[in-house]
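User: Could you take a close look at one part of this model for me, the helix pair that packs side by side, and then place that part in the rest of the chain? Keep it casual, but stick to what the coordinates give.

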Amino acid sequence: MAAQRRVRLQIDERRARLLELGIKLFSNHSYDDISIDDVAQAAGMSKGLLYHYFGGKREFYVETIRQASSQLLRMTEPDPKLQPGARLRAAVDAHLNYVQEHGPVYAAIYRGGAAVAKEMHAILEEHREVVMQYFLRDFRISKPRPVLRAALRAWIAMVEGACLDWIVHPELKRDHLREILIAGYAGVLAKAVELDPKLARALDNLIRKGHGAPG
């Protein structure tokens, strides 16, 4: 049993390293520009061994994007040790760091991945729902009222759209983009409270403190 566990750990570790390699490769090349031979060569293994871990390039790509999504969620999870305003700023900064380093992978998650594999839509929706849970956990709300859910989804979409535009037009200063996103967050929450006064008790104090979660 101990030997089996060691083998399992070795397989898991090698698979994790391959996915990290995938993030690097797809951060610099499009899906169509990379062949399974390129992946095997970059990994220093035979194509046959690569097929042992992934059924082909498409599966490797899907799992790479899934790993990238998980990585981004870990990086942007709110830090409870920070004050609310600093928490939001740190999360947005981490998000922008990821966009700068892995622009093509980010674009694949939010724009072009569905053309390669239908699984991409599910990965994206799962990502958005986890971000939603970050918000609700900080708000101490188990189920969002409709206006709040719409407001949060609107801000998540704002972050995605602005970052995709920034990848294409990087001349926008990073700090300016961050401040636009933070202001947008405060704006959608303020409007949610205005439209649904029952949210005021839960959110009004948080808005004044600049409370936030990542996108």
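Analyst: One term up front: a residue is called buried when its relative accessible area is under 20%. This is a predicted model, with a mean pLDDT of 85 for the chain and 87% of residues at 70 or more.

Now the pair you asked about. Helix α4 covers residues 57-76 and helix α7 covers residues 119-139; their axes come within 10 Å and cross at roughly 10°. Angles under 35 degrees count as roughly parallel, so α4 and α7 are roughly parallel to each other. On the α4 side, the contact is made by R58, Y61, V62, I65, R66, S69, L72, L73, R74 and T76. Facing them from α7 are E119, M120, I123, H127, V130, V131 and Y134. By residue type, this contact has 10 nonpolar, three polar and four charged members.

Stay with α4 for a moment, as K57 sits in this helix too. Setting aside neighbours within four places in sequence, K57 touches Y31, D32, I34, S35 and I36. Take Y31 from that list: its C-alpha lies 8.7 Å from that of K57, although 26 residues separate the two in sequence.

Zooming out, the chain has 10 helices and zero strands. Of its 215 residues, 45% are buried. Contacts that reach far along the sequence are well represented: among those between residues at least 6 apart, 72% join residues at least 24 apart.

Two other helices are handy for comparison. Helix α5, residues 84-101, has 18 residues and runs 26 Å from first C-alpha to last, close to the 26 Å expected at 1.5 Å a residue. Its buried residues are P84, R87, L88, A91, V92, D93, A94, H95, L96, Y98 and V99. Helix α8 has 23 residues, which should span 33 Å at 1.5 Å a residue, and its end C-alpha atoms are indeed 33 Å apart. Buried residues in α8 include L148, W155, I156, E160 and W166.

As for how far to trust each piece, α8 (residues 146-168) has the highest mean pLDDT among the elements, 95, while α10 (residues 200-208) has the lowest, 63. Watch residues 210-215 as well: pLDDT stays under 50 there, and the model has 36 contacts beyond four places in sequence for that stretch.

Terms used: Residues numbered from 1 in each chain as written. Predicted model: local features only at pLDDT ≥ 70, side-chain atom pairs only at ≥ 80, totals over all residues. Heavy atoms only, no water. pLDDT = per-residue confidence, 0-100. Helix = DSSP H or I, 4+ residues; strand = E, 2+ residues; numbered from the N terminus. Contact = heavy atoms within 4.5 Å. Expected span 1.5 Å × (residues − 1). Buried < 20%, exposed > 50% of the residue type's maximum accessible area, 1.4 Å probe, protein only. Axes fitted to C-alpha atoms, helices over the stretch in contact; angles between N-to-C directions. Parallel < 35°, antiparallel > 145°, perpendicular 65-115°, else oblique. Nonpolar A, V, L, I, M, F, W, Y, C, P; charged D, E, K, R; others polar.
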